[in-house]
Amino acid sequence: MKYYDKLIFEISRPGRVGYSLPKNWSTDNGQQSTDKPDGSLSIVNCQLSIPKVLLRETPAELPEVSELDVVRHYTNVSNKNFGVETGFYPLGSCTMKYNPKINEEIAHHPAFSGLHPLQSEESVQGALAIYYHTARALSELTGLADFTLTPFAGAHGELTGLMVMRQYHLLRGDTKRTRVIVPDSAHGTNPASAAVCGLEIVEVKSTANGTVDTNDLKGLLDDTIAGIMMTNPNTLGIYETQVVEIARLVHEAGGLLYYDGANLNPMLGASRPGDMGFDIMHINLHKTFSTPHGGGGPGSGPVGVAAHLVDCLPNPRVTFADGKYKVESGKMKDESCGRVAAFMGNFGVVMKAYTYILSLGKGIKHVGPIATLNANYVKESLRDAYYLPVDTVCKHEFVFDGLADKSTGVTTLDIAKRLLDYGYHAPTIYFPLLFHQSIMIEPTETESKETLDDFIDIMHRVAEEALSDPDMVKSAPHTTPVRRLDETTAAKNPLLKYRDLI
């Protein structure tokens with residue numbers, strides 16, 4: 001193992017340091033630290049005071065390395081990471097599109113990055129203006145009346161949207177409406193969010209082509225149904241052509257339609273959820289509106305509603321009147337579903353989304369069509385090596401049920417691992433659960449034809465390798481910093497501390 005491939009603790013040497021602080025260190029404004037008689041630490045004329053009981057009696061067990069070793073170690077670690085800027089990232093359902101650098105530059109401008117959520121309204125008028133106009137832009141793009149930007153992630157947005165749905169029915173005295181219909185092809189967060197909201201999940205089946213079975217739906221509708229959660233296009237990347245009929249059926253039964261915005265990307269410039277009949281939706285700003293994400297963040301899940309649900313949105317909200325932006329509760333604050341976060345959401349992600357929207361301008365109408373074109377181009381180009389479970393035009397993504405020839409025993413997992421050897425991130429595998437060997441590919445609109453052609457060529461090559469040398473594919477990856485892991489053991493007995501490794 002190379003020196004810098006080791007853990008930072010493994011290259012540590014006693015007594016080696018990369019920094020030093022004076023014994024009587026000072027704060028930035030020159031105020032010195034002192035040791036108080038009771039043993040606690042304070043800073044003269046400052047509010048910082050650390051009680052003795054919280055102070056360490058022995059130094060922390062930190063690695064002892066030089067500054068150069070630190071720089072080399074973490075630079076090498078960063079080079080082992082894979083991201084959109086490293087190569088093609090066709091992660092289905094996740095919309096891993098390129099994040100233009102101007103988004104980062106604007107969001108990191110000191111005028112924005114230096115703000116504090118407890119500042120007065122007068123001192124943050126610019127930030128409030130961005131909140132307000134981002135919500136207006138999202139309303140225009142989705143066909144819904146108003147948005148809250150407070151939720152911190154897509155799942156948080158789902159929960160918020162369901163809280164709005166529940167509040168709407170409670171205000172009307174419809175206390176029996178405690179059940180939510182969820183398609184069997186839905187994202188896993190849909191039933192999870194409904195359960196957290198205290199609602200019962202009712203599953204509606206899919207037809208042979210993967211769309212909602214309206215005949216099955218009709219038998220589920222009664223006066224206990226609060227609404228239905230749908231993704232359009234669905235998790236197979238197929239447009240729900242019966243969505244208007246579904247909206248009619250659910251509305252006539254007294255329920256509401258919730259739009260899971262995870263697959264909104266192919267809809268930009270093509271169709272709006274509000275026009276389809278949806279009453280509530282969340283948007284993954286970190287997907288459709290080009291903020292990088294992964295590893296749990298950063299995220300943002302704004303929730304939009306139709307006009308008759310605006311007063312049920314969570315408080316507070318940003319309003320504009322008499323030339324001034326304000327943070328206030330809705331006019332009918334007693335109708336609000338409550339509060340879902342301490343402050344106003346993830347401002348950095350909102351800032352990047354707003355920059356993205358303004359940068360594209362009217363060109364944003366091409367996002368969905370190009371994403372759809374790219375997905376269908378890849379799908380049709382791979383027909384000879386794979387087979388489609390649903391033979392129809394897809395939207396932004398598509399799903400294969402593994403290799404057409406399964407006699408070699410090469411699985412979807414093997415294909416994904418082998419792609420890593422060729423410098424491509426693996427697509428989403430084993431989701432959706434409708435198929436045993438699902439592999440979901442989403443190229444997004446930001447990839448060039450040359451990149452897609454190379455990916456298609458490599459997918460063909462892997463399919464050929466599965467026939468000529470299946471053992472080699474089954475033991476992939478061969479060139480990555482970390483080879484194939486024992487994932488079961490890693491999940492059941494993870495080693496999370498350095499001391500566990502020695």
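The largest cavity in this predicted model is lined by Leu236, Ile238, Lys379, Leu388, Pro389, Val390, Thr392, Cys394, Phe398 and Val399. Its volume is about 80 Å³. What kinds of residue make up the lining of the largest cavity? Eight are nonpolar, one is polar and one is charged. Leu236 and Val390 count among the nonpolar residues, because Leu and Val are both classed that way. Lys counts as charged, and Lys379 is part of this lining.

How many cavities of 30 Å³ or more are there? The count is two. The second largest cavity holds about 50 Å³ of space. Its lining is formed by Pro183, Ser185, Ala186, Asn190, Val212, Met229, Met230, Thr231, Asn234, Thr235 and Glu240. Here the residues divide into five nonpolar, five polar and one charged. Glu counts as charged, and Glu240 belongs to this lining.

Empty space is found by rolling a probe the size of a water molecule over the atoms. Cavities are spaces from which the probe cannot get out, while a pocket is open.

Now turn to the pocket. The largest pocket has a volume of about 600 Å³. It is lined by 26 residues. Which of them lie nearest its centre? They are His116, Pro117, Tyr131, Phe343 and Met344. Three helices each give two or more residues to this lining: α3 (110-113), α4 (125-142) and α11 (347-360). The lining of the largest pocket divides into 16 nonpolar, seven polar and three charged residues.

Next comes a pair of helices. Two packed helices are described by the angle between their axes and the distance between the axes. Helix α5 covers residues 154-171, and helix α6 covers residues 189-196. They pack at an angle of about 50 degrees, and their axes are 9 Å apart. This angle makes α5 oblique to α6. The crossing of α5 past α6 is right-handed.

Which residues meet where α5 and α6 touch? From α5 come Ala155, Glu158, Leu159 and Leu162. From α6 come Thr189, Asn190, Ser193, Ala194 and Val196. The residues of this contact divide into five nonpolar, three polar and one charged. Asn190 links two parts of the picture: it takes part in the contact with α5, and it also lines the second largest cavity.

Conventions:
Residues are numbered from 1 along each chain as its sequence is written. This is a predicted model: local features need pLDDT of at least 70, side-chain atom pairs count only at pLDDT 80 or more; totals for chains, interfaces and linings use all residues. Side-chain values use heavy atoms; hydrogens and water are left out. On a 1 Å grid over the protein atoms alone, a cavity is a set of points where a 1.4 Å probe fits but cannot get out, and a pocket is an open set with protein on both sides within 12 Å along at least five of seven lines; lining residues have an atom within 4 Å of a point. Grid points are joined across faces, edges and corners, and a volume is the space filled by probe spheres set on the points. Axes are lines fitted to C-alpha atoms, for helices over the stretch in contact, and angles run from 0 to 180 degrees between N-to-C directions. Helices (H or I, at least four residues) and strands (E, at least two) are DSSP runs, numbered from the N terminus. Angles under 35 degrees count as roughly parallel, over 145 as roughly antiparallel, 65 to 115 as roughly perpendicular and the rest as oblique. A crossing is left-handed if the near helix is turned anticlockwise from the far one by less than a right angle, and right-handed if clockwise. Contact means heavy atoms within 4.5 Å.
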